[in-house]
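Me: Please take a close look at one part of this predicted model and then follow what surrounds it. I would like a single connected account.

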Amino acid sequence: MSAGWDDGSADHRFRVVPAVYLLLRREGQVLLQLRAGTGFMDGYWAAGAAGHVEPDESVLEAVVREAREELGVTVAPSDLEALTVSHRGLPGGPALEQRVDFFFAVSRWQGDPVLQEPDKAADLRWFPFVHLPEPVVPHELAVLRALHDGAVPRITVRGFGGSDADA
């Protein structure tokens, strides 16, 4: 990571926080983790691996890194299926809540998924798409349902002036 990545040249621009989400799939099931100790949506089920894109890192590098760090598995970038990009935010809200989320799925990886960060998640389980646990982080639930239905929109927009949209 480059220490001087934020040189101030975009201070006058709107910025978003990029994040990646990885849904591990097998035989009609998806791997979810139960968030705990993070201060964000604790007590909600979420993608098996997810996290922020770091400076000098592509979204593909980020999702592969998150799979290794959170689940202890190795994912080849060529095995990733790009699902959707979600732009969400709170108009007039804090900068931290202006987001762009890149969702990926994978059905092939090396290693057995095991919870690697017990300080950030309380449980890790496989769930059938037809019987997801409650509650699930809302913007992730929308993608899980669309994936199950076979109709994941290429782009989703949430939270801007009440005009949520899919494309």
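Reply: V114 sits in the loop that joins β6 (99-106) to β7 (121-128). In this predicted model, V114 has a relative accessible area of 43% and is therefore partly exposed, since that class lies between the 20% limit for buried and the 50% limit for exposed. Leaving aside residues up to four places away in sequence, V114 touches E70, L71, G72 and L124. The C-alpha atom of V114 is separated by 9.9 Å from that of R68, although the two residues are 46 apart along the chain.

Two of these contacts of V114, E70 and L71, recur in the lining of the largest cavity. The structure holds one cavity of 30 Å³ or more, and the volume of the largest cavity is about 40 Å³. Besides E70 and L71, its lining consists of Q33, G48, L115, E117, K120 and A121. By class, the lining of this cavity divides into three nonpolar, two polar and three charged residues.

K120, one of the residues lining the cavity, leads to another loop. The C-alpha atoms of K120 and G37 are 5.2 Å apart in space, with their positions 83 residues apart in sequence. G37 belongs to the loop between β2 and β3. Its relative accessibility is 63%, so G37 counts as exposed. Beyond residues up to four places away in sequence, G37 touches D42 and D119.

The loop that holds V114 also takes part in an aromatic pair, and the aromatic residues may be taken together. Three aromatic pairs are found in a search of the whole structure. In one of them, the ring centres of Y21 and F103 are 4.4 Å apart and the planes meet at 15 degrees, so this pair is stacked. Because Y21 lies in strand β1 (residues 17-26) and F103 in strand β6, the pair ties together parts 82 residues apart in sequence. Y21 and F103 are both buried. W109 and W126 form a further stacked pair, with 6.0 Å from centre to centre and 20 degrees between the planes. Here W109 is in the loop between β6 and β7 while W126 is in strand β7, and this pair links distant parts of the chain, 17 residues apart.

Strands β1 and β6 appear again around helix α2, for they are among the elements that cover its buried residues, together with β2 (29-35), β3 (45-47) and β5 (81-88). The buried residues in α2 include H139, E140, L141, V143, L144, A146 and L147. Helix α2 (residues 138-149) has 12 residues, so at 1.5 Å a residue it should span 16 Å; the 17 Å between its end C-alpha atoms agrees with this. After α2 comes G150, with a positive phi near 75 degrees.

α2 also contributes to the largest pocket: at least two lining residues each come from β1, β2, β3, β4 (49-52), α1 (59-71) and α2. The largest share, four residues, is supplied by α1. About 550 Å³ of space lies in this pocket. Its lining comprises 25 residues, and R35, F40, A50, G51 and H52 lie nearest the centre. The lining of the pocket divides into 12 charged, eight nonpolar and five polar residues.

Key
Residues are numbered from 1 along each chain as its sequence is written. This is a predicted model: local features need pLDDT of at least 70, side-chain atom pairs count only at pLDDT 80 or more; totals for chains, interfaces and linings use all residues. Side-chain values use heavy atoms; hydrogens and water are left out. Buried means under 20% relative accessible area, exposed over 50%, partly exposed in between (1.4 Å probe, protein chains only). Contact means heavy atoms within 4.5 Å. Rings of Phe, Tyr and Trp (its six-membered ring) pair if their centres lie within 6.5 Å; planes under 30 degrees apart count as stacked, over 60 as edge-to-face and the rest as tilted. On a 1 Å grid over the protein atoms alone, a cavity is a set of points where a 1.4 Å probe fits but cannot get out, and a pocket is an open set with protein on both sides within 12 Å along at least five of seven lines; lining residues have an atom within 4 Å of a point. Grid points are joined across faces, edges and corners, and a volume is the space filled by probe spheres set on the points. Ala, Val, Leu, Ile, Met, Phe, Trp, Tyr, Cys and Pro count as nonpolar, Asp, Glu, Lys and Arg as charged, and the others, Gly among them, as polar. The expected span of a helix is 1.5 Å times one less than its number of residues.
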